[in-house]
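Me: I am a first-year student, and I would like a close look at the paired aromatic rings of the model shown below. Please go slowly, and then lead me from there to the surrounding parts.

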Amino acid sequence: MIETFDVALPHGITLSCRAAGRAGAPLLVFLHGFPEAAFAWDEMLERFGDRYRCVAPNLRGYAPSSSPPEVEAYRAKHLVADIAALVDALGGPLEALIAHDWGGAVAWNFAVQHPQRLKRLVIVNSPHPGTFLRELQTSPAQQAASAYMNRLRADDADDYFAADDFKRLWRLFTGMGAAAWLTDEVKAQYRAVWQQGLRGAINYYRASPMYPPTADDSSVMQLAFPPEFVTVKVPTLVLWGEQDRALLPSLLDGLDTFVPDLRLVRIPDATHWVVHEQPDLVEREIAAMLAR
């Protein structure tokens, strides 16, 4: 059974959480991406709740967690600080951080900055910053696939993506396949979150320095990451649906340079939404990683 509670963090942010499993059991924390919310992990919380304390926060910017209006509030340092404070509040130890999409971006940074705080990292279709920067700078195919990011960065994006019952957000799911998992009941869960405002969630895109270059803005071409800023030193599992039309498989090339202890599982017939499409496979691979 899923329980809900709020965690007030020392720096003034409150994260609304969903959880399953016995308090005090080894801890798993699950981070969602855009345009989802903590409930996207419910099935995994229940599947692992017999062995672990499983907690999925609504990240800052996603109702009903705190949603500061300022773009600067969504820079990586603040998002990582949220998760570090949440883990402290939950009492640890953190057996694994499991994350998808923007949650994965936060998790990559957390693992780099706090390797002593977690035993394992599990990433699902979320590019490592080192390979993502490389592809944004050098790959016309990835630049084209990521062009939607520039639309999300626009000043009017909140209204644009809310229009006509969020029709453009639904396309993020249905544009990669049939999305049979997106039932009317599930759509109602998404709609309930989105109706409380999109600004915080969209501010992740506005705050990030990584987005495709354009004729008017090629600032990404000047970015560079020293190796120590992006090297992950904990055992890491990466699950990747290869039919992801936004994040291409070339993002996996050279990943082991940045993640020395890496297990990479390619899923040829899955999209960006593999957690929903193939939950049995996702559960099996996470369980194998936890058993290491």
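What follows is one connected answer, starting with the rings and moving outward.

Reply: Before the rings themselves, a word on the model: it is predicted, local features need pLDDT of at least 70, side-chain atom pairs count only at pLDDT 80 or more, and totals for chains, interfaces and linings use all residues. Residues are numbered from 1 along each chain as its sequence is written, and side-chain values use heavy atoms, with hydrogens and water left out.

The structure holds 18 aromatic pairs. One of them joins phenylalanine 173 and tryptophan 194, whose ring centres are 6.4 Å apart and whose planes meet at 10°, so this pair is stacked. (Rings of Phe, Tyr and Trp, the last taken by its six-membered ring, pair if their centres lie within 6.5 Å; planes under 30 degrees apart count as stacked, over 60 as edge-to-face, and the rest as tilted.) Because phenylalanine 173 belongs to helix H7 (residues 157-174) and tryptophan 194 to helix H8 (residues 184-194), the pair ties together parts that are 21 residues apart in sequence. Helices (H or I, at least four residues) and strands (E, at least two) are DSSP runs, numbered from the N terminus. Both partners are buried, phenylalanine 173 with a relative accessible area of 1% and tryptophan 194 with 4% relative accessibility. Here buried means under 20% relative accessible area, exposed means over 50%, and partly exposed lies in between, with a 1.4 Å probe and protein chains only.

The pair is also part of a wider group, for ring pairs link Phe39, Phe166, Trp170, Phe173, Trp181, Tyr190, Trp194 and Trp273 into a cluster. Within this group, phenylalanine 166 is found in helix H7 and, at 7% relative accessibility, counts as buried. Although phenylalanine 166 is not a glycine, its phi is positive, at about 60°. Another member of the cluster, tryptophan 170, has the charged end of lysine 187 over its ring, 4.8 Å from the centre. Arginine 151, in turn, lies over the face of tyrosine 160, at 3.8 Å from the ring centre. A charge sits over a ring if NZ of Lys or CZ of Arg is within 6 Å of the ring centre and within 35 degrees of the ring normal.

From the rings we can turn to the sheet. An open sheet of 8 strands, with mixed pairing, runs in the order E1-E2-E4-E3-E5-E6-E7-E8. Strand E1 (3-8) and strand E8 (262-267) are its edge strands, each pairing on one side only, where two strands pair if DSSP finds at least two bridges between them. With direction ignored, neighbouring strands of this sheet are turned by 20° against each other on average. Inside the sheet, strand E6 (residues 121-124) and strand E7 (residues 236-241) pair in the parallel sense over 4 bridges, and valine 122 stands opposite leucine 237 in E7.

Helix H3 (residues 101-113) packs on the sheet, touching strand E3 (27-31), strand E5 (94-100), E6 and E7, and its direction makes about 140° with that of E5. Contact means heavy atoms within 4.5 Å; axes are lines fitted to C-alpha atoms, for helices over the stretch in contact, and angles run from 0 to 180 degrees between N-to-C directions. Aspartate 101 is found in helix H3, has a phi near 55°, which is a positive value in a residue other than glycine, and counts as buried at 10% relative accessibility.

H3 also helps to cover another helix: it is listed with helix H5 (140-145), helix H6 (148-153) and helix H10 (255-258) among what covers the buried residues of H4. Because 8 of the 10 residues of helix H4 (residues 129-138) are buried, this helix is largely enclosed by the rest of the structure. Among its buried residues are Phe132, Leu133 and Leu136.

Two cis peptide bonds can be looked up in the loops. Phenylalanine 34 and proline 35 are joined by one, with omega about 0°, and proline 35 has its place in the loop between E3 and helix H1 (42-48). From alanine 63 to proline 64 the peptide bond is cis as well, with omega near 5°, and proline 64 is found in the loop between strand E4 (53-57) and helix H2 (76-90).
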